[in-house]
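Biologist: I'd like to understand the labels that go with this model. Can you take me through them, one by one?

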Amino acid sequence: MAYKDADCRKTPKKKKKKKTNMASLSSDEWRAICDKFTNAQNLTDVESRNDPENDLFRSKYKARELLREIYCSLKSFEAGEGDEDGGAESSEQRAAEPPVDGQREDGFGEGFSGDSPAGLRAAKLGAVEYYLGVNHVDTEELSAGQEHLMNCMKQLGRCRVTSENVSLFIHVRNQLGILWAGRDETETAQGFLETAESIYQRYMKEDGSPPTDMTEYFTSEEKLPTHQERTKRFELAYTHTMYYLAQVYQNLGETERAATYCHTTLQRQLQLNQFSPMEWALNAATLSQYYITKGRYMEGRHCLSAATVISGLAGEAPSEAVAQESETESDRREQLRQKRAEIARCWIKYCLNVLQDSKKLLEDNIGELDTDRQEELKRARRQEEEDEEKGRKSALLFGSEDTFDSIASLEEKVCCLSPLDFTEARGVFLVGQNYVKQAKEYFQMDGYVTDHIEILQDHSALFRGLAFFEEDLERRCKMHKRRVDMLEPICNDLNAQYYLLIRRQLMFELAEIYNEMMDLKLTLANRQADTQSLDNHTIKKFNSLCSASAKYFQMFLDSLCSPEGKVPEHLEEEVLRPALVARFRVARLHSRLISPLLSAQLDNLNKSLENYKYVAEYCETHPEAAAAVETELELSKEMVGLLPLKINRLKAKMATNN
C-alpha cells in the first residue's frame with residue numbers, strides 16, 4: 001500500500017529552518033538524494049535483470065526503499081519550508097482530486113507555475129510517487145501502484161503545465177492508461193491516454209521547447225541531459241502514448257484509427273532510433289495486412305518493404321552449426337528465421353490479394369476475362385498512376401537516410417496497382433512465389449503441419465489468380481494441374497482424426513480444381529473439333545476429370561457423416577453452404593459423364609436426381625438454408641422436375657432396344 005505522508009514527518013513544523021530551495025544542488029543533503037535516486041534507477045533497470053527466480057523482485061524492492069527514503073526527505077524539507085510559501089498554495093491551488101477515469105482537463109489552466117518553488121516541489125514529490133507507482137506495478141501490486149500514480153496526479157493537479165513538468169504530466173497518464181487497459185477497462189485507459197495526447201499537442205503548439213526530463217529533478221548539475229537528449233526522451237514518451245492508444249482503439253473496434261496510430265508510432269520509432277529491428281518489422285508487416293484488406297495496396301506494399309529492410313538490420317541468422325554450440329545463438333536463429341518467415345507470409349497475402357482483387361475488377365458474369373473492361377481500365381491507367389504518385393507524396397513514409405532508398409527500391413519490384421494483363425499478373429505471381437519458397441523453408445511439414453498447408457493453399461491460390469489472365473487454355477490447364485500436384489498428396493496423407501477441417505478444405509478445393517480442368521478440356525475439344533462429336537481420348541480425359549471432381553466432393557460430404565456413415569439431419573452453419581454446393585456439384589457432374597452404355601447413363605442420371613432432390617428437400621425442411629444457396633436451389637428444383645422425364649425416356653429407349 002501507499003504510505004501516508006505523516007509516516008515521513010519525524011520533526012514537528014515549529015522551528016524555521018534555513019531555506020534551501022528543496023535542498024540546494026550544492027548541499028550534501030541534496031547530493032545524497034540524487035545518489036539514492038541514481039541507485040534506485042540502477043537497481044530497477046540493470047540489477048533487476050540478474051535477480052534469481054526465487055527472489056524475482058529483490059532489486060526492485062531495494063529500489064522501492066530508496067524511493068521511500070527520498071520521499072521522506074522531500075517531505076521533511078517541505079515541512080521546514082512550509083511557512084515560506086504556504087499562503088501561495090492556499091490562494092492558487094486547484095482542485096486536488098483528479099477524476100478516476102482520466103483527467104479530461106489538460107492542465108493548462110490555473111495553478112502553480114512549474115518553475116515556482118511550490119510547482120517544483122509538487123513536481124518532485126509527484127515524480128517520486130510516479131516511480132513508486134511504476135515500481136509497484138512492476139512487482140504486480142497493481143492497487144498500490146494505482147494509488148501512487150493517482151497521488152502523482154494529485155500533486156500535478158496543483159500545477160499548470162509548463163516545460164518543467166509536462167513530461168511528468170504525460171508519463172503518469174501513460175502508466176495509468178497501461179494499468180487500466182490491463183484490467184480490460186479500455187474506456188478508462190482511453191481517457192488517460194487521450195489527455196496525455198492533448199497535453200503534448202498543446203504544449204508543442206504553445207511552447208515547444210525541450211522540456212525538463214523527470215530524472216532531472218534528482219540529477220546534479222554536471223549530469224543534466226542536453227537539449228537534444230531532453231527532446232528525444234520527451235518525444236519517446238509521446239511515442240508510447242501513440243503506441244498505447246493504437247492498442248486501445250484496436251480493442252474498441254476502431255480499426256482505422258488504430259492503424260493510423262500504429263503507423264505513426266512505427267514512424268516515430270524510426271525517427272528516434274528507438275526500436276528492436278525484428279519486433280518493428282513484424283509490427284509493420286502486421287499493419288500491412290490491415291491496409292491490404294482495405295484495398296490500400298500502396299500503403300501495404302510500403303509497410304512490407306520497410307519490414308523487409310528493417311528486419312535486415314538484425315543481421316543474418318546464425319548457422320545451424322553455430323546454433324548447436326550455444327543456447328543463446330540457437331534462440332536467436334529460431335527467432336530470426338521464424339519472424340522473417342512470418343513477414344514472407346504477409347508478402348504472400350499481399351500478392352494474392354492484388355491478384356484476387358484484379359480478377360474481381362476484370363471478370364464477366366461467368367468468371368472469364370472481360371476484354372472490354374480490360375481495355376477501359378488500361379485507358380484509365382495513366383490517371384491511376386498519377387493518383388498513386390500523389391498518394392505517395394502525401395503518405396507518412398517510413399525510413400531514415402540509411403534505409404529510405406532501400407525501401408523504395410524494394411517497392412519498385414512489385415506493383416501496387418491492379419494487374420490488367422498476364423504480363424503484369426505474372427510479375428505479382430513471381431514475387432509471391434518467391435516468398436512462398438522463403439516461408440516454406442521455416443514452416444516445414446515436419447513440425448508445422450497447419451502453417452505449411454496454409455502456405456501451400458496460398459501458393460495454389462496464386463496459381464489460380466494467374467490462370468485467370470492466361471488466354472492459352474492448355475497452359476491454364478497445366479497451372480491447375482500444378483495445384484493438384486501440390487495439394488493432392490497432402491490431402492491423402494493427412495490423418496483424418498487430427499486434421500479433419502484442413503482435409504475438408506483440401507477436398508473441396510481439389511474437387512473445384514478438377515471441375516475447372518474438366519470445363520477447360522471440354523472447351524478446348526469443342527474449339528478443335530469440326531463437329532460436336534468428341535474423340536475417345538478426349539472423352540476418356542473428360543470423364544476422368546469429371547469423376548475425380550465428383551470423388552473429392554463426395555469425400556467432403558462423407559466427412560460430414562457420423563462414424564456409422566449416417567448423413568446429418570442438420571448441417572452446422574459453417575458447413576451449410578459448402579455441403580449443399582457439393583451436393584449440387586455432384587448432381588451436375590454425374591449428369592455430365594459421357595457413356596455409350598444406356599445402363600450407365602441411367603445410373604448416372606439417377607445419382608444426379610438423388611443429389612438434386614437432397615438440395616431441394618433440405619431447403620424445404622430447413623427454410624433458413626435457402627438464402628445460402630439461392631442459385632443452386634433454383635436450378636435443383638428445376639432439375640428435379642426435368643430429370644424424371646429424361647430418365648423415363650431413357651428407360652423407354654432401353655425397353656425398345658431389349
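Modeller: Let's begin with surface labels: buried means under 20% relative accessible area, exposed means over 50%, and partly exposed is anything in between (1.4 Å probe, protein chains only). This is a predicted model, where local features need pLDDT of at least 70 and side-chain atom pairs count only at pLDDT 80 or more, while totals for chains, interfaces and linings use all residues. Residues are numbered from 1 along each chain as its sequence is written, and side-chain values use heavy atoms, leaving out hydrogens and water.

Biologist: Why is K607 called partly exposed?

Modeller: K607 has 35% relative accessibility. That value falls between the two cut-offs, so K607 gets the in-between label. D603, at 37%, is partly exposed too.

Biologist: What makes D603 and K607 a salt bridge?

Modeller: The rule asks for a side-chain nitrogen of Lys or Arg within 4 Å of a carboxyl oxygen of Asp or Glu. D603 and K607 have 3.5 Å from N to O, so the pair passes. These two residues sit 4 residues apart in helix 22 (residues 598-621), which puts about one helical turn between them. Helices here are DSSP runs (H or I, at least four residues), strands are runs of E (at least two), and numbering starts at the N terminus.

Biologist: How many salt bridges does that rule give?

Modeller: The count comes to 30. One of them joins K359 and E363, at 2.8 Å from N to O. Another is K360 with D357, where the closest N and O atoms are 4.0 Å apart. K360 and D357 are 3 residues apart in helix 12 (residues 327-362), about one helical turn. There's also a network of salt bridges that links E194, E254 and R257.

Biologist: Is K360 buried or exposed?

Modeller: K360 is exposed, because its 60% relative accessibility is over the upper cut-off. D357, at 25%, is partly exposed.

Biologist: How do you know that E129 has no salt bridge?

Modeller: Lys and Arg count as positive, Asp and Glu as negative, and His and the chain ends are not counted. For E129, the nearest side chain of opposite charge is K75, 7.6 Å away. That is outside the salt-bridge limit, so E129 goes without, even though it is buried. E129 is in helix 3 (residues 117-138).

Biologist: What does the side chain of E129 join in a polar contact?

Modeller: Y71, at 3.5 Å. A polar contact is a pair of N or O atoms within 3.5 Å; within protein, one must be able to donate a hydrogen and the other to accept it, and residues adjacent in sequence count only if both atoms are side-chain atoms. E129 also touches H148, L149, N151 and C152, among residues beyond four places away in sequence. Touching, or contact, means heavy atoms within 4.5 Å.

Biologist: Which other charged residue is buried yet has no salt bridge?

Modeller: R503, in helix 19 (residues 500-528). The nearest opposite charge for R503 is D493, at 8.8 Å, so the rule again isn't met.

Biologist: Why is the pair F37 and F218 called tilted?

Modeller: Rings of Phe, Tyr and Trp (its six-membered ring) pair if their centres lie within 6.5 Å; planes under 30 degrees apart are stacked, over 60 edge-to-face, and the rest tilted. F37 and F218 have centres 5.0 Å apart and planes at 35°, so they pair and land in the tilted group. F37 is in helix 1 (residues 28-45) and F218 is in the loop between helix 6 (186-206) and helix 7 (227-251), so the pair ties together parts that are 181 residues apart in sequence. Both F37 and F218 are buried.

Biologist: And what makes Y217 and F218 edge-to-face?

Modeller: Their centres are 6.3 Å apart and their planes are at 85°, so they fit the edge-to-face rule. Y217 and F218 belong to one aromatic cluster with W30, F37, Y130 and Y131.

Biologist: How do you know that R583 lies over the face of Y614?

Modeller: For that, NZ of Lys or CZ of Arg must be within 6 Å of the ring centre and within 35 degrees of the ring normal. R583 is 4.0 Å from the ring centre of Y614. R345 sits over the ring of F443 as well, at 5.2 Å from its centre.
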